[in-house]
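Hi,

Here's the structure I said I'd pass along. Have a look, and my notes follow underneath.

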Amino acid sequence: MARVNKLKAIGIVGSPRKNGNVDTLVQAVLDGAEQAGYQTKKYMLNEMKYSGCQACDYCKSHEGCRLEDDLTSLLQDMAEADAVVFGSPIYFLQFTGQFRLMEDRMYSLIDAGFNSRLRPGKKAVIVTSQGNPDLVSYEKAAMEFADVLKMLGFEVKDIIRMDSGSARDAVLGRKDLLDKARLAGLSL
Ligand SMILES: Cc1cc2nc3c(=O)[nH]c(=O)nc-3n(C[C@H](O)[C@H](O)[C@H](O)COP(=O)(O)O)c2cc1C
């Protein structure tokens with residue numbers, strides 16, 4: 001009997017807090033995706049060892065990154081995945097350092113002509129959390145990252161932004177966001 005390959009979704013958590021707001025929301029998107037038939041996997045960047053981009057331009061004359069570390073399999077998975085959930089808290093107006101190092105390594109997904117090596121049509125969901133109760137603040141960080149994803153050929157399906165998230169479990173009181181996240185996964 002022919003085996004049907006499942007669609008694949010990966011989640012990337014740029015927060016050091018396990019079961020924190022971003023982790024919980026990324027997991028809710030993945031749970032929805034699983035319900036929709038996806039096979040899922042989650043990467044906790046803070047538990048991984050990797051370097052930032054070395055600007056060596058190896059990836060402009062070869063298919064991938066010269067560095068071999070814990071991001072090697074993540075980037076490979078990203079290339080294979082049908083959907084990727086990108087999550088980071090806001091640290092000093094931006095995504096976290098852990099996340100930004102990973103983002104810079106996504107440079108290896110772009111060829112010498114600055115075209116994406118990824119097959120078009122991959123879906124993405126962005127999740128952020130911030131302490132500030134004013135959601136207008138830091139909108140720019142998510143929007144700019146959405147632009148990066150679009151440049152790489154992703155279709156950004158949803159951006160889920162949590163405010164007032166200073167406590168790591170604040171999200172548990174946000175049924176609206178948990179429902180939104182699960183629905184985002186279900187709709188992938
Ligand atoms: C180093 C650091 C910098 C932060 N900078 C900001 C900030 O600029 N604006 C803000 O609203 N919250 C800021 N926060 C709060 C986090 O964004 C907030 O607690 C977020 O909900 C954490 O998400 P997590 O529970 O997934 O880790 C900062 C937290 C830390 C530890």
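Which polar backbone atom is 2.7 Å from an oxygen atom of the ligand? That one belongs to I90, a polar contact (a pair of N or O atoms within 3.5 Å).

Before the rest, some ground rules: this is a predicted model, where local features need pLDDT of at least 70, side-chain atom pairs count only at pLDDT 80 or more, and totals for chains, interfaces and linings use all residues. Residues are numbered from 1 along each chain as its sequence is written, and side-chain values use heavy atoms, with hydrogens and water left out.

Back to the ligand: 17 residues surround it (a heavy atom within 4 Å), with S15, I90, S129, N132 and G165 coming nearest. Polar side-chain atoms also reach ligand oxygens from S15, at 2.6 Å, and from N21, at 2.9 Å.

Now the helices (DSSP runs of H or I, at least four residues). The axes (lines fitted to C-alpha atoms over the stretch in contact) of helix 1 (residues 21–35) and helix 6 (residues 175–186) come within 6 Å and cross at roughly 40 degrees. That makes helix 1 oblique to helix 6, since oblique covers whatever is not under 35, over 145 or 65 to 115 degrees.

Cheers

Technical notes. Axes fitted to C-alpha atoms, helices over the stretch in contact; angles between N-to-C directions. Helix = DSSP H or I, 4+ residues; strand = E, 2+ residues; numbered from the N terminus. Polar contact = N/O pair within 3.5 Å; in protein donor to acceptor, adjacent residues only side chain to side chain.
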